[in-house]
Amino acid sequence: MELLRTEGLTKTFPGVVAVDDVDFDVVPGEIHALVGENGAGKSTLIKIFGGVYQADRGKMYFDGREVSFSSTHQSQASKISVIYQEFNLVPDLSVAENIFIGREPRTAGGLLIHWGRINEAAAGLLERLDMKIDTRTYVSDLPVAERQMVEIAKALSYEARLIIMDEPTATLTEKEVVKLFEIIAALKKEGVAIIYISHRLEEAFQLSDRITVLRDGKKIGTKATSQTDKDEIIEMMVGKVVTEYFVRRERAEESREVLLEVRGYSVADHVEGIDLKLHKGEILALAGVIGSGVHGFLQSLYGVIPKKSGEVYFEGRPVEIARPKDAIRLGIGYVTEDRKNSGLLPDMSTLHNLTLIIIRAIARLRGLLIRDREEQARFKDIRDRLDIKVASSGQKVIFLSGGNQQKVVIGRTLLTDCKALILLEPTRGIDVGAKAEVHRILRELADRGMSIILTSSELPELVNLPDRCVVFYKGRIAAEFSQDTMDTGQLVAAQIGHSAEKAAGRARA
Amino acid sequence: MIRFLKLYERFGIVIFIVIASVFLAVASPNFLKVDTLLNIVAQGTYAAIVGFGMTLAITSGGFDLSVESVMSLVSVSLALLFPLIGIPLSIPVVLAVAASVGALNGLIIAKLKVSPLITTLSIMTIMKGVALLVAGGRQIVIQEKQFMELGTGKVAGIPIPIFIMVFFFVLFYMILYHTPLGRHISAVGSNENAARISGVKVDGVKIMVYTLVALTSGVASVIRTSQALIGSPSMSPGFVLVAITVTILGGTSLAGGRGNLWGTMLAAIFISMIYYGLNLINVQIFYQMLSVGLVLLVALFIEGLRVRYLAAAKARGIKV
């Protein structure tokens, strides 16, 4: 019997039907993937399950009984646990406190928190997840992957029978994803039902028993995973046949001209003795899991964090990049991996977000007075070039979709006419359509001679997008692949520290 | 509704002013007279001028508690300098003193990474001490009577402080909305990391902001000192709260990133209107303070509703 079933579930907001007559079900021990482009209604649907929103019409049954959740509390009491993309954790509380927030074990009198028991119980839950973190650590000190484990531990502590995960892998490295999948598989074995939302189709296929596709609030269909394929699902998602959404780049000619070169480059706690060349018009991907130092290396290259030693040559000349300003002056652009914390200016308009870097350069009287017309012209130019969907230049950037926000962050840098572009996780948390667009933009830039260096935790992006992929492991270069020598298995192996030979040797044995 | 809320974000204070005007016009026949109105605006000029500086500080994500002590320091310095170097030279000198105290605030905040709260609180205490020390712990009567003209004189029937306020309004308006510096101030307040990555000289912006706040404090103090003709080492206690009040009431976001200079100026006039107007109908000072406090609470309450409504609308997929 179904654990959760809906009939004709509908949720209307003024001006938009977010969830339109949806029949959906999930059975115990099932992993049910929920896919669809941004705005398809996935988030609204799971918020109805989670008690954040209440449906206007339709019925919802949990465990055979008709239910309607008027609060998140009621949903939780029914043993439904929703893990949202932006976690529901309190950064300034410890891991154990977060897991048991609001239900802390008390001492005999009931007045004080029983610290011994709370930590013990939390450790027990984390043990089930095979996690070794001190339960007294503050959540703010944990990396994203571990925060997610804390969320899962919290769900376990509720003895959740249905766990809903919204884009759980968006911020994880491939290795952490493997770990997460193991845990999901274990939960499934225990009979827990899982609704899994992801932009990564291959994950849905790897993991799920069934896939439900939403589009414009409507359910397009539910397929048994074993009886469908990616093309069909993508077709259902976008409503038209897209045979190839990942086209390899045809390069006219190898450029051997070096734009940027580092020699013996070291960054404390990140990388040691890196030698690397970036050619003109090349797309170079740096692969590496957390701890590989890839992010630190690129941040340092742009002057966000200081380097320890090493030389940098730009267009053949030795240069010092101590601050982002130095990099910008040389013509190096940078797109952060964390739009929220270091990319967007949330209180400001799309226009002001886009022109932030160039505003002084295009001002008159030696950068004193802003030229409004020039600013608008630059805005229109980049809006059209990147096809940024924005109602007006004054629209606040937080009201744009994730894909358009990413284009704003990229556009801000492109307005500087940079020669090299550093991108960290350029397609994190944006939908399939926007991803393809970002890839197209990057290819076009490279075709026009821009050199691009990027890092990604998405395997398809590492395999298909770049001309060359260099793998970092524990702060050193572990492997390098060109388009011809690219091998997905070896790439993954190199990222987690198996050398190609070892992997091959194991295969033989 | 959304259009109304967007208008409210910009001009919400106007609604308060209209309501208060109607009330006062009915309650007192003296309210709707040119002199009364000009007096109300003139009384609001200090709060407005310091409010302009405070608006920049709050837009940049900080604030400045040291304005009163800078005002005191400027006041006693004026009284001491007049006999030595004369009025025309004294004014730029004391404004430079004020600006350097502000630069010190900015330096500590930017380079030593001390929070604006702690920094400006410390500087406030230190500068209060310095002002008392310089003044010998007492008020200094200013003998140069002609100095009074600056704060009390009129040109074309309009009090001079109003001209000064308008001048600084235009200046700060240009800075905040029409210069790269202003854009950078908003950017730092909105997301400091993003600003730094985009090549904004965050430290320089902060130093500039606190220098400008102190400069506005200095200007306000010069006007006030001129009206009282006394160099006071403990000028306007509690004034810092007025400056912060008019800034917030005017619609500048406490979270930073969004400054509203029109709002600040109108809020300063509004506060002045409440004090002056309630005086006009013989309401006691306690009730005047009480009503200002209430208005602030109501304004922040409406602001909270507005933000929540827009967020809810956005969550429902409505274009806002």
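**Exercise 1. Establish how strand E7 (residues 162-166) of chain A pairs with strand E8(A) in this predicted model, and over how many bridges.**

Solution. Strand E7 (residues 162-166) of chain A runs alongside E8(A) in the parallel sense, and the pairing extends over five bridges. To fix the register, take A:Met165, whose bridge partner in E8(A) is A:Tyr196. A further neighbour is then found in strand E3 (residues 31-35) of chain A, which also pairs with E8(A) in the parallel sense, here over four bridges. On that side the register can be read from A:His32, which stands opposite A:Ile195 in E8(A).

**Exercise 2. Determine whether the residues of strand E8 (residues 193-197) of chain A are buried or exposed, and what follows for the strand.**

Solution. A residue counts as buried if 20 or more other C-beta atoms lie within 10 Å of its own. Taking one side of E8(A), we find A:Ala193, A:Ile195 and A:Ile197 buried, and on the other side A:Ile194 and A:Tyr196 are buried as well, so that both faces are covered. Five of the five residues are therefore buried, which means that the strand is largely enclosed by the rest of the structure.

**Exercise 3. Test whether the length of helix H4 (residues 67-85) of chain B agrees with its number of residues, and locate any kink.**

Solution. The expected span is 1.5 Å times one less than the number of residues. For the 19 residues of H4(B) this gives 27 Å, and because the end C-alpha atoms are 25 Å apart, the two values agree. Along the helix, a kink of about 30° is located at B:Ala79, shortly before the proline B:Pro83. Just after H4(B), B:Gly86 adopts a positive phi of about 85°.

**Exercise 4. Describe the side of chain A that touches chain B, beginning with how many residues are in contact.**

Solution. The contact involves 32 residues of chain A and 23 residues of chain B. Among the elements of chain A, strand E2 (16-26), helix H10 (324-330) and helix H11 (339-343) each contribute at least two residues to this side. Sorted by character, the residues on the chain A side comprise 21 nonpolar, seven polar and four charged.

**Exercise 5. Classify B:Val298 as buried or exposed, and state where B:Val298 is placed.**

Solution. B:Val298 belongs to helix H14 (residues 285-315) of chain B. A residue is exposed if 12 or fewer other C-beta atoms lie within 10 Å; B:Val298 has 12 such atoms and is therefore exposed. The C-alpha atoms of B:Val298 and B:Ile58, which are 240 residues apart along the chain, are separated by 20 Å.

Technical notes
Residues are numbered from 1 along each chain as its sequence is written. Chains are lettered from A and ligands numbered from 1 in the order in which they are written. This is a predicted model: local features need pLDDT of at least 70, side-chain atom pairs count only at pLDDT 80 or more; totals for chains, interfaces and linings use all residues. Two residues are in contact if their C-beta atoms, placed from the backbone, lie within 7 Å. Ala, Val, Leu, Ile, Met, Phe, Trp, Tyr, Cys and Pro count as nonpolar, Asp, Glu, Lys and Arg as charged, and the others, Gly among them, as polar. The bend at a residue is the angle between axes fitted to the seven residues ending there and the seven starting there. Two strands pair if DSSP finds at least two bridges between them.
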